[in-house]
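Reader: Hello! I have a model open on my screen and would enjoy a close look at one part of it, the largest pocket. Could you walk me through what lines it and what sits around it?

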Amino acid sequence: MVYTFREDGFAVIEFDSYETLAIIGTSEINHQPNIKVKSVAGILNHSTEQSNDKITEEAQTVPTKEIESLPGQCDQNLKINQNEATKIDESNKNSNITDNPEGADQVISKDQNSDRVDSDKKMVELNSENLDSMDVDKEYSENIPNSPKNSSTEVEKKDSVNNQDSGKDTGNEIPKSQLENSENMKAPEECSGDEIVFGKDLEKCEKSLIQELVPIFEKDLVKDWDIFTQFCKFIFKKELQIPISKNQSPTLICVPYTWTKYEKELLAKMFFEELNVPAIVILERPLAGLFGVGSTTGVVIEISLNYTSVVPIIDSQIQINCAHQVEMGGRDIANALADLIKTKNPELYNSITEKGNIDEFCLLAVESGACGFELFNFEDEEHNEDAKSEDNKAVVEYNGTKFTLGRERFKCTSDFYNPKFTENKSSGRLADALSTAIIGCEPDKRVPLWESIHVFGKFSNLENIIPRMEFEFNTFVLNQSDHFSEFQTRESKLVRIPDYLYGWRNSNHMASFLGSMIIAKIALNDPKYHITKVDYNEMGPASVHAKQFA
């Protein structure tokens with residue numbers, strides 16, 4: 001049986017150590033992802049959850065002593081009514097005594113007194129019962145009899161249906177809904193109430209309520225599959241608004257190339273059994289980035305949070321044995337920027353720390369493209385130090401405040417090329433890793449690889465990154481050899497996203513997501529490439545290896 005799906009229901013998800021991207025619908029290819037969730041989970045304090053439960057119980061059952069602090073002093077009304085009843089009893093005892101013996105018409109009969117006493121006692125009992133179950137609101141004092149604000153108002157009875165539904169004897173207790181304006185008795189509403197929160201729910205939580213921040217991925221691998229499952233459910237249910245019980249959205253999943261077959265099997269099992277997807281396609285991120293620029297052969301340089309990957313791809317096949325990693329990523333650039341701000345610009349450092357965290361600010365600056373590379377006199381550091389230009393400044397908005405960065409936004413990226421900063425790194429410079437990765441491939445494939453270099457990744461949105469890399473590769477790598485042959489190229493080329501994809505201009509760092517959307521339009525419409533529930537039921541998790549788009 002051949003299943004067909006609508007493109008407006010296709011879901012595309014790209015997992016990354018820093019941020020997970022997602023979108024629903026691939027009919028319009030020029031739309032960028034509208035779902036961006038940080039790949040971090042917040043575990044709430046257990047003590048906070050217990051205190052919240054305690055607060056809820058207290059709010060639902062408040063003892064009579066709490067009533068004394070409420071306006072109107074309703075217990076005083078009970079005493080007044082009881083005093084009135086006592087006075088009535090005393091008057092009944094002396095009902096046969098008259099001030100004027102001769103005025104028999106002034107004497108109150110025993111029958112009339114007894115009727116009056118019975119009616120007054122019933123009123124007192126009724127008021128005491130209503131006191132226990134009456135509603136207390138913002139205008140509590142106006143609804144109490146004998147109140148100085150409104151002595152003529154009567155106490156309203158609580159609906160007997162509410163007492164029957166509760167199934168509990170309220171006694172001297174006040175329902176929770178009556179104390180909504182009491183700040184001390186109100187449970188915090190900033191969090192969603194779950195034990196683990198993500199995305200916007202995590203941002204709304206107070207820091208005191210969060211016990212621990214757990215990254216979803218560690219070195220691009222899933223750290224905890226239980227938390228990862230809840231993270232995927234959060235994306236489907238709250239972000240993409242896809243009901244899991246009626247999930248009709250086939251999904252393309254973009255994952256790091258370092259995932260093993262076992263991890264892909266676990267991923268397929270989770271998506272079919274926990275998320276109830278009708279079909280899936282699993283695609284590696286470097287391959288998706290290559291498809292995003294319209295190539296099938298090339299070298300992919302992906303700058304992620306903790307490291308930079310150099311992955312050769314030949315005819316849509318990842319050369320995993322030739323891939324290299326440089327232990328330097330967006331976090332290292334952000335740390336270098338933080339050190340420069342702290343040492344070179346203390347005023348800016350103090351201003352940032354007053355508004356938030358310096359590390360968060362620097363990561364935001366690198367991610368937003370405020371940092372970059374200089375294009376003039378790369379080797380003349382003295383000239384660069386003296387250069388005073390408006391181009392050296394960039395504005396970064398953080399927590400509602402705009403901060404201006406100077407030349408530190410260029411100096412923080414020198415780790416990629418300056419050997420004195422990377423001599424302690426085992427992987428060396430990025431240019432050396434690129435050369436090693438290409439040399440490891442077949443000789444007849446090296447020239448096409450040098451002519452098709454692609455740079456993307458969340459932290460590759462750096463100013464002047466492509467011309468600077470071309471300068472480095474052409475100057476310090478290719479021109480070192482004086483021998484010419486058919487396997488030796490003299491120039492490297494870095495490829496960008498085509499201009500006809502107008503929705504992705506200046507978004508070369510998101511090429512992998514663009515490639516995922518393109519492949520989703522093809523693979524999810526062709527049963528040769530996607531895995532359905534029928535395939536999963538017949539073959540199990542190993543079905544992910546039977547069909548691949550390559």
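Author: Here is a walk through the largest pocket, followed by its surroundings and a few other places in the model.

Happily, the setting can be given briefly. This is a predicted model. The protein has 19 helices and 18 strands, and of its 550 residues, 46% count as buried. Among contacts between residues at least 6 apart in sequence, 69% join residues at least 24 apart.

Now to the pocket you asked about. The volume of the largest pocket is about 1,500 Å³. It is lined by 39 residues, and the ones closest to its centre are Tyr18, Lys38, Val40, Leu213 and Glu360. If you want a place to centre your view, those five names mark the part of the lining closest to the pocket centre. Several elements give two or more residues to this lining: strands S3 (35-38), S6 (210-215) and S7 (217-218), along with helices H5 (199-204), H9 (330-344) and H11 (358-368). Of these, H11 gives the most, with six residues. By class, the lining of the largest pocket holds 16 nonpolar, 10 polar and 13 charged residues. As for domains, at least three lining residues come from domain 1 (2-28 + 195-290 + 527-545), and at least three come from domain 3 (330-376 + 391-412).

One of the lining elements, S6, also belongs to a sheet. That sheet is open and has three strands in the order S5-S4-S6, with antiparallel pairing. Its edge strands are S5 (196-197) and S6, each of which pairs on one side only. Between strand S4 (residues 40-44) and S6 there are five bridges, in the antiparallel sense. To find one of these on screen, pick Ile43: its bridge partner in S6 is Glu212. As general background, strands of a sheet pair through backbone hydrogen bonds, either parallel or antiparallel.

S7, another contributor to the pocket lining, leads us to a loop with backbone angles worth checking. Lys219 lies in the loop between S7 and strand S8 (221-222), and Asp220 is in the loop between S7 and S8 too. Phi of Lys219 is near 55 degrees, a positive value in a residue other than glycine. Phi of Asp220 is near 70 degrees, again positive in a residue other than glycine. For context, most residues other than glycine have a negative phi. What about exposure in this loop? Lys219 has a relative accessible area of 65%, over the 50% cut-off, so it is exposed. Asp220 stands at 4%, under the 20% cut-off, and therefore counts as buried.

Alongside the pocket, the model has an enclosed space for you to inspect. The count comes to one cavity of 30 Å³ or more, and the largest cavity has a volume of about 120 Å³. Its lining includes Glu14, Asp16, Glu19 and Leu21, and also Phe456, Gly457, Lys458, His509 and Met510. The elements that give two or more residues to this cavity lining are S2 and helix H18 (511-523). By class, there are four nonpolar, three polar and five charged residues in the lining of the cavity. Domain 1 (2-28 + 195-290 + 527-545) and domain 2 (296-328 + 421-494) both give residues to that lining, so the largest cavity lies between them.

S2 brings us to Thr26, found in the loop between strand S2 (19-24) and S3. Thr26 has a relative accessible area of 0%, so it is buried. Leaving aside neighbours within four places in sequence, Thr26 is in contact with Glu7, Phe10, Val12, Met517, Ala520 and Lys521.

A last stop is the region of helix H15. Arg429 is found in the loop between helix H14 (419-422) and helix H15 (430-439). Its relative accessibility is 17%, which is under 20%, so Arg429 counts as buried. Arg429 and Glu327 are 102 residues apart in sequence, while their C-alpha atoms are 9.4 Å apart in space. H15 itself is mostly covered, with seven of its 10 residues buried. Those buried residues are Leu430, Ala431, Ala433, Leu434, Ser435, Ala437 and Ile438.

Technical notes
Residues numbered from 1 in each chain as written. Predicted model: local features only at pLDDT ≥ 70, side-chain atom pairs only at ≥ 80, totals over all residues. Heavy atoms only, no water. 1 Å grid on protein atoms, 1.4 Å probe; cavity = no way out; pocket = protein on both sides within 12 Å on 5 of 7 lines; lining within 4 Å. Points joined across faces, edges and corners; volume = space filled by probe spheres on them. Helix = DSSP H or I, 4+ residues; strand = E, 2+ residues; numbered from the N terminus. Nonpolar A, V, L, I, M, F, W, Y, C, P; charged D, E, K, R; others polar. Domains from an automatic or database assignment. Pairing = 2+ DSSP bridges. Buried < 20%, exposed > 50% of the residue type's maximum accessible area, 1.4 Å probe, protein only. Contact = heavy atoms within 4.5 Å.
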